[in-house]
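Reader: I'm happier at the bench than in front of a model. Could you walk me through how to read a few features?

Author: Sure, let's bring the structure up.

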Amino acid sequence: AEMAAARLSGTENRLVSLPLSRIRVIMKSSPEVSSINQDALFLTAKATELFVQYLATYSYKHGRGKEKNALTYTDLSHTAEECETFQFLADILPKKILASKYLKMLEKEKRDGEVREDHDEGEEEEDEDEA
Amino acid sequence: MAERPEDLNLPNAVITRIIKEALPEGVNISKEARSAISRAASVFVLYATSCANNFAMKGKRKTLNAGDVLSAMEEMEFQRFVAPLKESLEVYRREQKGKKEARKDKDKKADSEEQDKSREEDNDDDDERMEEEEQNDEEEVDN
């Protein structure tokens, strides 16, 4: 069984590397969750590993960063913005823009005179309610 | 959410290792990229949990099970994960079964050893115990 496990997870000897206890803590932070069966916990941990691999390789392949032998933050935020599957990450992987550009954007918004409720870039005081 | 995603993070060393093994050799990962992926992973867990929980609730269950997580993957457009996850689950279940049986054997041994000690104290004769004792003498050498 151990050999099969090694084959499945590549060079790792273990079936899963992420600590189940930590995964459990994150899962339990969701208030609606009462209990988690052991198989579900394992699957979530394993899925997270697959996710990390997928996010990294996808971003590396599709990244438009200048460096060819590196994975950069820009590659990741490109992915979050452009690939539908990773769009749930858009808020935590925002694109970086020059401060001067950002200030210009703010000025333009002020001039337009409208308060756009769904656009809260950079405003940390406002908390968006997630339905 | 009560906790911010940054407070629920995964060990850096493990995340880094997973990334390194996924990418071609020699590719560098900036610290910022690594930290971003780690945060993304935490968010993924939250998203997957919430999704899986919806399936559990639909099934009127309070406990998240394997099926809920797999359904969540499909819902989240990570169908590509389903097959490898099912494979891994098989191995995991076999491992757990093996561990359980090893524990059962250990418990049996421990029980017999305890009976052994109490026997020295009250000198009780029990046919069954005597048989186990003989086995125990051999087993204790291994310990």
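Reader: How many disulfides are there over all chains?

Author: The general idea is that a disulfide is a pair of cysteine sulfur atoms within 2.5 Å. By that rule, the count over all chains is zero. Before we go on, this is a predicted model, where local features need pLDDT of at least 70, side-chain atom pairs count only at pLDDT 80 or more, and totals for chains, interfaces and linings use all residues. Residues are numbered from 1 along each chain as its sequence is written, chains are lettered from A and ligands numbered from 1 in the order in which they are written, and side-chain values use heavy atoms, with hydrogens and water left out.

Reader: Why is the sulfur of Cys83(A) not in a bond?

Author: Because the closest cysteine sulfur, in Cys51(B), is 17 Å away, too far for a bond.

Reader: And is Cys83(A) buried or exposed?

Author: Buried means under 20% relative accessible area, exposed means over 50%, and partly exposed is in between (1.4 Å probe, protein chains only). Cys83(A) is at 10%, so it counts as buried. Cys51(B), at 8%, counts as buried too.

Reader: Next, helices. What span does H3(A) reach?

Author: Helices are DSSP runs of H or I with at least four residues, numbered from the N terminus. The expected span is 1.5 Å times one less than the number of residues. H3(A) covers residues 38–62, 25 in number, and reaches 36 Å from first C-alpha to last, close to the 36 Å expected. Of those 25 residues, 18 are buried, so the helix is mostly covered.

Reader: Which residues does Asp39(A), in that helix, touch?

Author: Contact means heavy atoms within 4.5 Å. Leaving out residues up to four places away in sequence, Asp39(A) touches Ala66(B), Leu89(B), Tyr92(B) and Arg93(B). Asp39(A) is itself buried, with a relative accessible area of 15%.

Reader: At what angle do H2(A) and H3(A) cross?

Author: Axes are lines fitted to C-alpha atoms, for helices over the stretch in contact, and angles run from 0 to 180 degrees between N-to-C directions. The axes of H2(A), residues 20–28, and H3(A) come within 10 Å and cross at roughly 100 degrees. That makes H2(A) roughly perpendicular to H3(A), a label for angles of 65 to 115 degrees. Among the residues that meet there are Leu20(A) and Met27(A) from H2(A), with Phe42(A) and Thr48(A) from H3(A).

Methods:
Helix = DSSP H or I, 4+ residues; strand = E, 2+ residues; numbered from the N terminus. Parallel < 35°, antiparallel > 145°, perpendicular 65-115°, else oblique.
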